[in-house]
Amino acid sequence: MKKYIRYTLLFFSLLMFAIGVSFSNTNIILVSICSFILNNIIYCIEKFNERIIFFSFNFTFFIFLVGRLVIKALDLYEDPYDIYSINKYGLDFYDKNITEHIFLSLFLSLVFIFVGYYITDRLKNVSNRSNSKVFFSDKESYIYSIRYISKILFYLTYIFNVLVLLDKANFTGQMGYTELYASYTSSLPGIVFKISEMCQISLFIFLGTLPKKKEVFLPISLYMISGILSLVVGQRNNFVLNIMIILVYLCLRNITDRGIVWFGKRHIIITICTLPILVVLLNTVSYIREDKDISETSKNNVISEFLYKQGASVNLIGYAETLESELPEQKNYTFGRLIDFIKENTITQLILDIPVYKSNTVESALYGNSFADSISYLISPYRYVRGWGYGSSYVAELYKDFSYVGIMIGNMVMGIIIAYMSVLFKKGPILAGLSLFMTRLLLYSPRDTTTSFLVTSFSLINIITIFFILIGAKIVEKKKNESNINYK
């Protein structure tokens, strides 16, 4: 039944898109965009656990790039900065051609990310793949050693992670949220920051060893607490992404642990019921960091307000077109993070004298490879150098660098990558940990740079952490064999 509904939606979406484009009717194109998202969602529900990552990606895609359009089109939110409602979609542009360009980019993104995921999902047979969960060793005891070391390392580095968050919270409390990106200087030694960065990958590798429920409870609880501390800092994205990756993990455990329910219908109902509370909390944090009266949130439906404000990133697709001639020439933003990583890593800096540009500086905006910096500087130079930023979006970067062809190919590749994350999760603790790390960042890509998930996941500190865990596990394994100690 679900398939028939999905096929109907798919046909309806493609038909509406064709009609909308033919008659240049943006309302009909928006209907086609929403219909295709529903198609993707129903497709995920057909095999919810196996397709949880794709489901989550479509969820964030809607939040960051589509929700604002829908809320404004249905007149569910009154923008205080657009009291005359000049733009019926809540965009920064009044040129209909730019609106059509944005809608076309969104539709192509949804179609081709679905195509990439669908083809890959059909080609791979996850259930018949090897269920080996061991990395570098066929001995199950080695997994327990990795679990032991990664858990200990997580607990140790978690202390440093909390110290960093408290330091940032203290700074934003005194100076304001935007100053965190403009003038933040930690009072803690640099080594504290580096150790704190080992925390997340250590947790994910521990989770990748597939421990029992009772062993998972405390680490996950601590991880959620760190997300709450991020809210105190004013960083809502870390809080939400922490929740989402844990939900993804629980669904993936439904696959690996046959017969054991990690995330069932009861949990789904609880999650849905808590969503309004989370939205209110996130809106409250937004008002606090902008020094606004929290009571103002009552003037609008909280969910409509949340979707409208979170969807501002869709404007970046329009700016990629309208400000194209003003953006620095010969810059590739799609691979910008990767290019910067190659230029700015410690080894390169020791060999070559390549300038490193700090974020939210004029130099970074004019000479760097960050679309977020360049576009934010062009939109508002004054606010940009004071810590403000519009952020980025992988869709906008793909269009800026490679036009609509880039959007089609880039999203197809993105769909393939998302499809393989669940495969990596079953390939041993290390790859499972990396898949969780990458998935968390992929879910944010509608509001982030294209290659951020790759560069951040394989950062030097993550590689060092993995090395420590593997060496530590080998040592534990050796001692365990010598003395018959059980670390389970």
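**Exercise 1. Decide whether D257 is buried or exposed in this predicted model, then do likewise for its salt-bridge partner.**

Step 1: Start with the cut-off, since buried means under 20% relative accessible area.
Step 2: D257 has a relative accessible area of 14%, so D257 is buried.
Step 3: Now find the partner. D257 forms a salt bridge with R253, and their closest N and O atoms are 2.8 Å apart.
Step 4: R253 comes in at 1%, so R253 is buried too.

**Exercise 2. Classify both ends of the salt bridge between K309 and E305, and place the pair in the secondary structure.**

Step 1: Check the contact: the two side chains meet at 3.1 Å, N to O, and the cut-off for a salt bridge is 4 Å.
Step 2: Place the residues. Both K309 and E305 sit in helix α12, which covers residues 302-310. They are 4 residues apart, or about one turn of the helix.
Step 3: Look at burial. E305 has a relative accessible area of 0%, so E305 is buried. K309 has 23%, so K309 is partly exposed.

**Exercise 3. Work out which residues are joined into one network by salt bridges that share partners.**

Step 1: The network consists of R6, E46, R51 and D121.
Step 2: Take one link, R51 with E46, where the side chains are 3.6 Å apart, N to O.
Step 3: Compare the two ends. R51 counts as buried because its relative accessibility is 6%; E46, at 21%, counts as partly exposed.
Step 4: For context, searching the whole structure turns up 6 salt bridges.

**Exercise 4. Test the length of helix α4 against the expected span, and identify its N-terminal cap.**

Step 1: Helix α4 runs over residues 96-123, which makes 28 residues.
Step 2: At 1.5 Å a residue you'd expect 40 Å; from first C-alpha to last, α4 reaches 41 Å, close to that figure.
Step 3: The cap is D95, with a side-chain oxygen 2.9 Å from the backbone nitrogen of N97.

**Exercise 5. Describe the fold content of the protein chain and judge how compact it is.**

Step 1: Count the elements: there are 22 helices and 0 strands.
Step 2: The radius of gyration is 23 Å, close to the 23 Å from the globule rule for 488 residues, so the chain is as compact as a globular protein of that length.
Step 3: Add the box: along the principal axes, the C-alpha atoms fill roughly 75 × 55 × 50 Å.
Step 4: Turn to burial and contacts. Of the 488 residues, 53% count as buried. Among contacts with a separation of 6 or more, 73% come from residues 24 or more positions apart.
Step 5: Finish with the surface: the chain exposes about 23,000 Å², and carbon and sulfur atoms supply 64% of that.

Technical notes
Residues numbered from 1 in each chain as written. Predicted model: local features only at pLDDT ≥ 70, side-chain atom pairs only at ≥ 80, totals over all residues. Heavy atoms only, no water. Helix = DSSP H or I, 4+ residues; strand = E, 2+ residues; numbered from the N terminus. Expected span 1.5 Å × (residues − 1). Polar contact = N/O pair within 3.5 Å; in protein donor to acceptor, adjacent residues only side chain to side chain. Buried < 20%, exposed > 50% of the residue type's maximum accessible area, 1.4 Å probe, protein only. Rg over C-alpha atoms; globule rule 2.2 N^0.38 Å. Contact = heavy atoms within 4.5 Å. Areas by Shrake-Rupley, 256 points an atom, 1.4 Å probe, with all protein chains shown as cover.
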